[in-house]
Amino acid sequence: MDENRYPFPLLNDFKTGNIDFEGCMRLLEKMQIPFDEDHLKHIFRKTLDKHTGDIISMDDFRAIYRALVHRPEFEELFKAYSTDGKILPDGQLLKFLVKEQFQTEANETTVLEIIMKYEPIDEVRTKRMMSFEGFIRYMNSEECSIFKSQHRSIYQDMNHPLCDYFISSSHNTYLIADQLMGPSHLWGYTSALLKGCRCLEIDCWDGNNNEPIVYHGHTLTSRIPFRSVVHVIDKYAFMSSAYPLVLSLENHCSPKQQEVMAACLKSILGDKLLSSPIGGEVDMTRLPSPEALKFKVLIKNKKVGTLEQSLLRMEDEYHGEIEELSDTESEGEDSDDTLPLPTLRSPSKRRGERRSSLLPQKKPKVRKTKIALALSDLVVYTKSQKFVSFDHSLQHQQCYENNSIGESHARKLLRTSAKEFISHTTRFITRIYPKGTRMSSSNYNPQEFWNVGCQMVALNFQTPGTQMELQDGKFLDNGGCGYVLKPEFLRDRNTTFTPRNVGGHSKPMSLSIRLISGHQLPPSSMSKTNKADPMVHIEIYGVPEDQTRKKSSVIKSNALCPKWNETFSFNIQVPELAMIRFCVEDEVSLVNNEFLGQYTLPVTSLNTGYRRIPLLSKEGIKLESASLFAHVWYY
């Protein structure tokens with residue numbers, strides 16, 4: 001690389017002579033080259049082996065730069081289209097975009113924009129050409145990511161009723177660890193909101209000095225003031241998304257403290273709080289759209305009477321007024337998800353339980369819930385309604401009434417009445433929540449509930465794992481705004497679709513992925529240097545017949561630049577519901593693998609052509625320097 005061809009004047013940094021490892025790192029940072037310290041150390045040491053001491057010259061630095069940045073797989077592509085192996089004229093770049101990247105709509109303007117944006121050498125840029133340096137920058141950019149750039153912004157129609165969308169939802173948002181003894185923390189709300197979550201849960205209980213508190217009832221989790229939670233919500237509600245935020249109240253407060261809650265919500269949230277129907281009109285036939293509810297906070301809670309009655313009351317002062325609601329509670333269903341108090345059962349009692357199902361059933365308990373009108377009247381489009389049966393909902397439920405169903409009950413319904421379940425979710429917002437026995441805040445697989453159109457599939461955001469990766473991947477779509485439009489067959493009230501019988505709703509997609517290589521993958525925790533034995537799992541989540549998992553071979557002791565060149569083919573029946581997950585693991589032994597990184601996205605957000613797959617850590621944080629490189633093709 002001759003100096004004038006070099007995109008950065010390096011002389012300044014070497015004017016005092018040579019540089020050490022720290023200097024090398026600083027220089028790469030200045031050049032905005034992402035690197036993993038272990039990999040850089042390895043390349044630096046290899047360069048030092050050629051001479052004594054621990055400092056390098058400018059030529060050494062160039063060699064390190066090339067070892068890190070000049071990837072042979074990029075060079076191969078560049079040379080295939082370059083006329084002389086050094087320069088890519090604009091016409092050839094256009095050919096590359098159309099033929100390799102399947103960007104059929106690309107034209108001279110597209111090419112010029114790419115050259116202007118990524119070509120670092122002035123004289124090459126002014127000739128409307130691209131050097132290898134520019135090509136590398138382009139291939140490493142967001143534009144060449146596997147995730148479609150059009151899907152990074154809001155591209156879906158946001159004028160459908162709320163029940164037509166999947167809504168990013170969190171469970172027990174205040175917890176940042178487990179359900180029994182973990183801390184409750186405001187950070188739970190901040191981080192969920194910054195992730196674009198649009199439905200938060202607040203567990204409210206009576207506190208001292210007439211100040212309601214938030215914690216997980218009947219447990220040793222710590223407590224935070226309700227008022228502080230509302231302040232945090234006020235501050236972060238619309239930082240990541242302009243679309244409506246739903247506060248799902250799990251309300252255990254006395255009427256007196258419910259009034260304090262209502263006053264808090266009104267005074268802190270002010271105009272953001274939706275406390276009456278938009279435009280003053282009550283449309284009983286359909287819910288408003290996310291577009292119509294932009295920048296509004298909706299309260300989801302039990303409500304006394306109808307919307308019309310609340311509207312009539314708006315004129316009156318009703319401080320201290322309380323109404324009673326009767327709530328039949330069937331045995332074994334705990335209210336939303338507060339932990340049932342533990343009961344020890346003897347084995348004989350457990351055996352007896354099966355027999356007792358043949359005996360006449362106990363009458364359901366009737367619980368009286370006291371609700372302060374001040375809080376009840378803040379509920380407009382998201383009234384919590386006890387779920388009885390699909391048939392009962394069809395007969396009696398209003399469009400602004402929503403159900404919360406525990407995962408175990410929902411799973412049973414899924415197996416026995418998928419068609420009725422889907423018919424229900426085309427009409428009513430349905431929230432699924434984890435069963436109360438998940439003490440460690442583990443999560444269930446959200447995919448099976450998205451498959452039947454459940455809008456609010458609430459997960460423990462604080463618990464990393466595949467379930468949360470699917471959640472994060474799904475809501476990358478539509479600009480990360482927390483609302484993703486459901487496929488047509490999950491919005492149509494007369495749909496015949498079910499996940500096990502997709503029928504005419506199948507739009508089969510033949511997907512082919514050539515996994516080419518990896519770059520700067522995280523070294524194994526067992527490695528003292530920069531080594532790992534990486535392999536890649538490619539998994540499809542979706543309707544049952546689309547679920548599949550394939551894995552690559554293991555590349556021994558190479559995390560810096562493993563090469564696979566293996567092709568994987570998938571036939572996907574319902575791409576609109578499918579998610580694809582790339583997971584990189586280190587083979588520690590024949591029975592044990594260590595997670596290194598992953599990336600999950602909707603199949604419909606896949607870009608075609610040569611694409612870079614970014615990788616995220618277990619906690620969902622982007623690993624700046626690590627990536628996979630693949631060729632994606634589908635029809």
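Two residues are in contact when heavy atoms of one lie within 4.5 Å of heavy atoms of the other. The legends below apply this term to a predicted model.

**Figure 1. Overview of the predicted protein, with its secondary structure, burial and contacts.** The protein has 635 residues, and 55% of them are buried. Its secondary structure consists of 19 helices and 23 strands. When contacts between residues at least 6 apart in sequence are considered, 73% of them join residues at least 24 apart. The accessible surface amounts to about 28600 Å², and carbon and sulfur atoms account for 52% of that area.

**Figure 2. Close-up of the crossing of helices α2 and α3.** Helix α2 spans residues 37-48 and helix α3 spans residues 58-69. Their axes come within 10 Å and cross at roughly 140°. An angle over 145 degrees would count as roughly antiparallel, and the two helices are therefore described as oblique to each other. The crossing of α2 and α3 is right-handed. On the side of α2, the contact is formed by L40, I43, F44 and T47, and on the side of α3 by D60, I64, A67 and L68. Sorted by character, the residues of this contact comprise six nonpolar, one polar and one charged.

**Figure 3. Close-up of D60 in helix α3.** D60 takes part in the contact of α3 with α2 shown in the preceding figure. The relative accessible area of D60 is 14%. Buried means under 20% relative accessible area, so D60 is classed as buried. Apart from its neighbours within four places in sequence, D60 is in contact with T47 and H51. T47 belongs to the α2 side of the helix contact.

**Figure 4. Close-up of the packing of helices α1 and α3.** Helix α1, which covers residues 21-30, packs against α3 at an angle of about 55°, and the axes are 12 Å apart. At this angle α1 is oblique to α3. The crossing of α1 and α3 is right-handed. From α1, the residues C24, L27 and L28 meet F61, I64, Y65 and L68 of α3. The residues of this contact divide into seven nonpolar, no polar and no charged. I64 and L68 of α3 take part here, and I64 and L68 are also named in the contact of α3 with α2.

**Figure 5. Close-up of T190 in helix α9.** Helix α9 runs over residues 186-194 and includes T190. With a relative accessibility of 7%, T190 counts as buried. If the neighbours within four places in sequence are left aside, T190 is in contact with V232 and Y236.

**Figure 6. Close-up of A262 in helix α11.** Helix α11 comprises residues 255-269, with A262 among them. The relative accessibility of A262 is 2%, and this residue counts as buried. A262 and A374 are separated by 112 residues in sequence, whereas their C-alpha atoms are 6.1 Å apart in space. Beyond its neighbours within four places in sequence, A262 is in contact with A374, L375 and L378.

**Figure 7. Close-up of L273 in the loop between α11 and β8.** The loop that holds L273 lies between helix α11 and strand β8, the latter at residues 297-300. L273 has a relative accessibility of 7% and counts as buried. Although L273 and I299 are 26 residues apart along the chain, 8.2 Å separates their C-alpha atoms. Neighbours within four places in sequence aside, L273 is in contact with L265, K266, V297, I299 and L378. L378 is also one of the contacts of A262.

**Figure 8. Close-up of S557 and N565, two residues with positive phi values.** S557 is located in the loop between β18, residues 548-551, and β19, residues 563-572. Its phi is near 35°, a positive value in a residue other than glycine. S557 has 41% relative accessibility and counts as partly exposed. N565 is placed in strand β19. The phi of N565 is near 50°, again a positive value in a residue other than glycine. The relative accessible area of N565 is 48%, and N565 is partly exposed. Exposed means over 50% relative accessible area, so N565, at 48%, is not classed as exposed.

Terms used
Residues numbered from 1 in each chain as written. Predicted model: local features only at pLDDT ≥ 70, side-chain atom pairs only at ≥ 80, totals over all residues. Heavy atoms only, no water. Axes fitted to C-alpha atoms, helices over the stretch in contact; angles between N-to-C directions. Helix = DSSP H or I, 4+ residues; strand = E, 2+ residues; numbered from the N terminus. Parallel < 35°, antiparallel > 145°, perpendicular 65-115°, else oblique. Left-handed = near helix turned anticlockwise from the far one by under 90°. Nonpolar A, V, L, I, M, F, W, Y, C, P; charged D, E, K, R; others polar. Buried < 20%, exposed > 50% of the residue type's maximum accessible area, 1.4 Å probe, protein only. Areas by Shrake-Rupley, 256 points an atom, 1.4 Å probe, with all protein chains shown as cover.
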